[in-house]
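Got the model open and not sure where to look? Here's a short walk through a pocket and a sheet.

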Amino acid sequence: MSETVLLVGGGGREHAIARAVAGDASLYACAGNRNPGIASLADGFEQIGERDADAIVDYAERVDADLAVIGPESALEAGVADALDDAGVYTFGPRAEEARIETDKAFQRRFMADNDIPGNPDFETFDSAEAAADYVAEYDGDVAVKPVGLTGGKGVRVTGDQLTTDAAVEYILDAEWDEWVIEERLVGEEFTVQAFVANGEVRTTPAVQDHKRAYEGDEGPNTGGMGSYTDTDLTLPFMTDDDYDDAVEIIEAVVDALPEYKGVLYGQFMLGVDGPKVVEFNARFGDPEAMNTLPVLETPFLEVLTAARDGESLPELAFSGEATVCKYAVPAGYPVEPDAGARIEVDESSVGDALLFYASVDQREDGLFTTTSRSFAVVGLGDSIADAEADAEAALSMVDEGFHVRHDIGTAELVQSRIDHMAELRGE
């Protein structure tokens, strides 16, 4: 019997999910924006706000959905998974209480401490901006300054890297948030591991390195992610197998402490001299990381979804063994003063051997246009990171002055700098 799957969300991450599902099931989608890539794969598409649980449940019932997959964290925070589950539509995404592992950074750190989850840095939580600012001013060392709630990957500031201690104090006092988490600054190389979780089981995917900084050479403000890469196996060139296994053990410890968790659990780690420590957890696929891992997943994603729903053992995952490089094209001026309204002249026929994923775009009667967020991504696949990077770069040859791209992502020079950095930290 064919399954009917409802997808919630309209970005590049959700376009990747749609690609992974559409060939094996009847797909319906809803999002606040009309993503043309998702719409072309779906049997039906409705423009519904991702936080509008009642409208999403109504749409799920109208299309007789058997399963639902939630892409964005905002929907999880709003309890969309709760509402769909309660309506009898099994949802691959955590209920709002479990999603606090992402949506409430103070809860996340206290949860790790209370449950002896390894990899927790030194931290303190505050419900007053003044108290948080005083702590930063007096702390002996550099810190990561984090607003407690969701900030789209752009709220964190790190002293000794992005700003001075005095500037961090000013940032806290001038910001709109009262609740803060202040953590020791972690030094090393960041990587992420995304895991499929259901019925107490964990199945992990290849490690990914995202690039948050807006400009080449890791300069500029943080963004939602300018691009990312994977290698041909589960690790990255600067990691060992033991580093990956240590990260997986941390994810498994979280699931042991959250036995009802279902969906994707994404661990963002900083690999330092003492192994991986947790930067944060996300309760859904990463964006762009979903665009690296789902295209090389050979196990049908639908089999993961149905096993999760039916209480069966999750399938062991098989991957193609290809490296991937993802590069985002974003509006000029992003993320500080992005220019919206540029016409996007790109489709699947214009990106060569790469994959195209539409993200925050505005589809009008007269064409496709940029908004103020990331516009589209291309993903190259190959027998090496270098081959994948070449395909991604070739796919972006049509990008004009209306867009900005970090062309250094996945290049031999940048990857080698990561290897050299870890070797230096380890004294090799």
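Let's start with the second largest pocket of this predicted model, which holds about 160 Å³ of space. A probe the size of a water molecule, rolled over the atoms, is what reveals empty space like this. So who lines the second largest pocket? Going along the chain, you meet Glu 184, Arg 185, Leu 186 and Val 187, then Met 270, Gly 272, Val 273, Asp 274, Gly 275 and Lys 277, and finally Leu 425. Two elements, strand 16 (263–272) and strand 17 (275–282), each give two or more residues to that lining. By character, the lining splits into 5 nonpolar, 2 polar and 4 charged residues.

Now for the sheet. Strands of a sheet pair through backbone hydrogen bonds, and they can do so in a parallel or an antiparallel way. Here, 4 strands make an open sheet in the order 6-9-7-8, with antiparallel pairing. Strand 6 (123–126) and strand 8 (157–158) sit at the edges, each pairing on one side only.

Move inward and you find strand 7 (residues 143–147) paired with strand 9 (residues 180–184) over 5 bridges, in the antiparallel sense. If you'd like one spot to zoom in on, try Val 145, whose bridge partner in strand 9 is Ile 182.

Helices join in too. Helix 9 (residues 165–174) packs on the sheet and touches strand 7, strand 8 and strand 9. The direction of helix 9 makes about 10° with that of strand 7. Helix 7 (residues 105–114), for its part, lies across strand 6, strand 7 and strand 9, and runs at about 135° to strand 6.

Technical notes: Residues numbered from 1 in each chain as written. Predicted model: local features only at pLDDT ≥ 70, side-chain atom pairs only at ≥ 80, totals over all residues. Heavy atoms only, no water. 1 Å grid on protein atoms, 1.4 Å probe; cavity = no way out; pocket = protein on both sides within 12 Å on 5 of 7 lines; lining within 4 Å. Points joined across faces, edges and corners; volume = space filled by probe spheres on them. Nonpolar A, V, L, I, M, F, W, Y, C, P; charged D, E, K, R; others polar. Pairing = 2+ DSSP bridges. Contact = heavy atoms within 4.5 Å. Axes fitted to C-alpha atoms, helices over the stretch in contact; angles between N-to-C directions.
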